Amino acid sequence: MGAVKAMCMDLEEKCWDKVADVIGESEHVSEAYGKAKEIFDAEDMLGYVDEDMIQEGVDEMWYEFWSKYL
């Protein structure tokens with residue numbers, strides 16, 4: 001794997017870790033979408049990770065986080 005690809009994958013993983021932190025702070029999934037997009041945008045990862053991928057990832061994390069409280 002190339003160095004740039006590895007760097008992008010590491011940065012993407014760090015972004016997802018930050019998204020996981022904001023899931024519990026969000027009152028609604030739409031708020032989490034916005035925060036996730038801001039996280040990826042701040043790291044200039046929009047384009048490498050598109051909005052559909054972000055939404056799918058947030059949906060999965062949201063369900064996983066909140067299902068333990070149901």
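In this predicted model, the search for paired aromatic rings gives a count of five aromatic pairs. One of these joins Phe65 and Trp66, whose ring centres lie 4.8 Å apart and whose planes meet at 85 degrees, an arrangement classed as edge-to-face. Phe65 counts as partly exposed, with a relative accessibility of 23%, and Trp66 is likewise partly exposed, its relative accessible area being 30%. Trp66 also pairs with Tyr69: the centres of these two rings are 5.6 Å apart and the planes stand at 50 degrees, so this pair is described as tilted. Tyr69 has a relative accessible area of 55% and is therefore exposed, since the exposed class begins over 50%. Taken together, ring pairs link Trp62, Phe65, Trp66 and Tyr69 into a cluster.

The fold within which these rings are placed is made up of three helices, with zero strands, and its order along the sequence is accordingly written α-α-α. Helix 1 covers residues 3-23, while helix 2 (29-42) and helix 3 (51-67) are joined by a loop. The C-alpha trace of the protein extends over about 45 × 20 × 20 Å along its principal axes. Of the contacts in the protein with a separation of 6 or more, 66% are accounted for by residues 24 or more positions apart.

The protein has 70 residues, of which 27% count as buried. The area that the protein exposes comes to about 5,000 Å², and carbon and sulfur atoms supply 52% of this area. With regard to charge, 19 negative side chains are present alongside 6 positive ones, and the centres of these two sets are separated by 4 Å.

Two aspartates may be described individually, beginning with Asp10, which is found in helix 1. The relative accessibility of Asp10 is 46%, so this residue counts as partly exposed, a class that ends where the exposed class begins, over 50%. Between the C-alpha atoms of Asp10 and Phe40 there is a separation of 13 Å, although the two residues stand 30 residues apart along the chain. Asp44, by contrast, is placed in the loop between helix 2 and helix 3. The backbone of Asp44 has a positive phi of about 55 degrees, although the residue is not a glycine. With a relative accessibility of 68%, Asp44 counts as exposed.

The cysteines were also examined for covalent pairing. A disulfide is a covalent bond between the sulfur atoms of two cysteines. A search of the whole structure finds zero disulfides. Cys8 is in no disulfide, and the cysteine sulfur nearest to its own, which belongs to Cys15, is 10 Å away. For a disulfide to be assigned, the two sulfur atoms would have to lie within 2.5 Å. Cys15, in turn, is in no disulfide either, its nearest cysteine sulfur being that of Cys8 at 10 Å. Cys8 has a relative accessibility of 18% and so counts as buried, the limit for that class being under 20%. Cys15 counts as buried as well, with a relative accessibility of 1%.

Definitions and conventions:
Residues are numbered from 1 along each chain as its sequence is written. This is a predicted model: local features need pLDDT of at least 70, side-chain atom pairs count only at pLDDT 80 or more; totals for chains, interfaces and linings use all residues. Side-chain values use heavy atoms; hydrogens and water are left out. Helices (H or I, at least four residues) and strands (E, at least two) are DSSP runs, numbered from the N terminus. Buried means under 20% relative accessible area, exposed over 50%, partly exposed in between (1.4 Å probe, protein chains only). Contact means heavy atoms within 4.5 Å. Accessible areas come from the Shrake-Rupley method with a 1.4 Å probe; for residues, only the protein chains shown count as cover. Lys and Arg count as positive and Asp and Glu as negative; His and the chain ends are not counted. The place of a charge is taken as NZ of Lys, CZ of Arg, CG of Asp or CD of Glu. Rings of Phe, Tyr and Trp (its six-membered ring) pair if their centres lie within 6.5 Å; planes under 30 degrees apart count as stacked, over 60 as edge-to-face and the rest as tilted.
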